[in-house]
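Dear colleague,

Please find the structure below, handed over for your consideration. My findings follow it.

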Amino acid sequence: MKYRTNRTIRIFTKIAVIVVIAIIILLVVVLFPLIMKAAYFISQNGLQGILDSITVFLDKLWKGFGK
């Protein structure tokens with residue numbers, strides 16, 4: 001009930017929603033090239049290529065990159 005009567009809370013909520021939507025749109029725009037690279041990698045190598053890459057990366061983490 002307080003939300004319906006308090007104009008400041010309604011304005012703040014609308015501004016917060018607009019800011020959240022803008023941040024989500026900005027993230028999609030910024031990460032779009034990365035998403036496209038990932039899609040291209042998946043189309044070229046398939047799921048087995050992804051699993052191989054992850055396995056190599058985890059093996060390097062386990063053994064250390066400097067060795």
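I begin near the start of the chain, with Thr5, which lies in helix 1 (residues 2-5). Please bear in mind throughout that this is a predicted model. Thr5 has a relative accessibility of 61% and therefore counts as exposed, the cut-off for that class being over 50%. Thr5 and Val19 are separated by 14 residues in sequence, and their C-alpha atoms lie 23 Å apart in space.

Val19 itself belongs to helix 2. With a relative accessible area of 42%, Val19 is partly exposed. Val19 is also one of the residues of a nonpolar patch on the surface. The other members of this patch are Ile11, Ile15, Ile23, Leu26, Leu27, Val30, Leu31, Leu34 and Ile35, and together with Val19 they present about 920 Å² of accessible area.

Between the two helices, the residue to note is Asn6, which lies in the loop between helix 1 and helix 2. Asn6 counts as partly exposed, at 26% relative accessibility. A polar atom of the Asn6 side chain lies 3.1 Å from the backbone nitrogen of Thr8. A longer span is given by Asn6 and Thr55: these residues are 49 apart along the chain, and 55 Å separates their C-alpha atoms.

Turning to charged side chains, how many salt bridges does the count come to? The count comes to 1 salt bridge. The partners are Lys63 and Asp59, whose closest N and O atoms are 3.6 Å apart, and this falls within the 4 Å cut-off. Both residues lie in helix 2 (residues 7-63), 4 residues apart, which is about one turn of the helix. Their accessibilities place them in separate classes: Lys63 counts as exposed at 53%, whereas Asp59 counts as partly exposed at 37%.

As for the chain as a whole, it has 2 helices and 0 strands. Its radius of gyration is 22 Å, whereas the globule rule gives 11 Å for 67 residues; the value is well over that figure, so the chain is more spread out than a compact globule. Along the principal axes, the C-alpha trace spans about 65 × 30 × 20 Å.

The figures for burial and surface complete the account. Of the 67 residues, 1% count as buried. The accessible surface of the chain amounts to about 6,400 Å², and carbon and sulfur atoms account for 74% of this area.

In summary, the points I would draw to your attention are the spread-out form of the chain, the nonpolar patch that includes Val19, the contact between the Asn6 side chain and the backbone nitrogen of Thr8, and the salt bridge between Lys63 and Asp59.

Yours sincerely

Note on methods: Residues are numbered from 1 along each chain as its sequence is written. This is a predicted model: local features need pLDDT of at least 70, side-chain atom pairs count only at pLDDT 80 or more; totals for chains, interfaces and linings use all residues. Side-chain values use heavy atoms; hydrogens and water are left out. The radius of gyration is taken over C-alpha atoms; the globule rule is 2.2 Å times the number of residues to the power 0.38. Buried means under 20% relative accessible area, exposed over 50%, partly exposed in between (1.4 Å probe, protein chains only). Accessible areas come from the Shrake-Rupley method with a 1.4 Å probe; for residues, only the protein chains shown count as cover. Patches are made of residues with over 30% relative accessible area and no salt bridge: like charges are joined within 9 Å, nonpolar side chains (Val, Leu, Ile, Met, Phe, Trp, Tyr) within 5 Å. A polar contact is a pair of N or O atoms within 3.5 Å; within protein, one must be able to donate a hydrogen and the other to accept it, and residues adjacent in sequence count only if both atoms are side-chain atoms.
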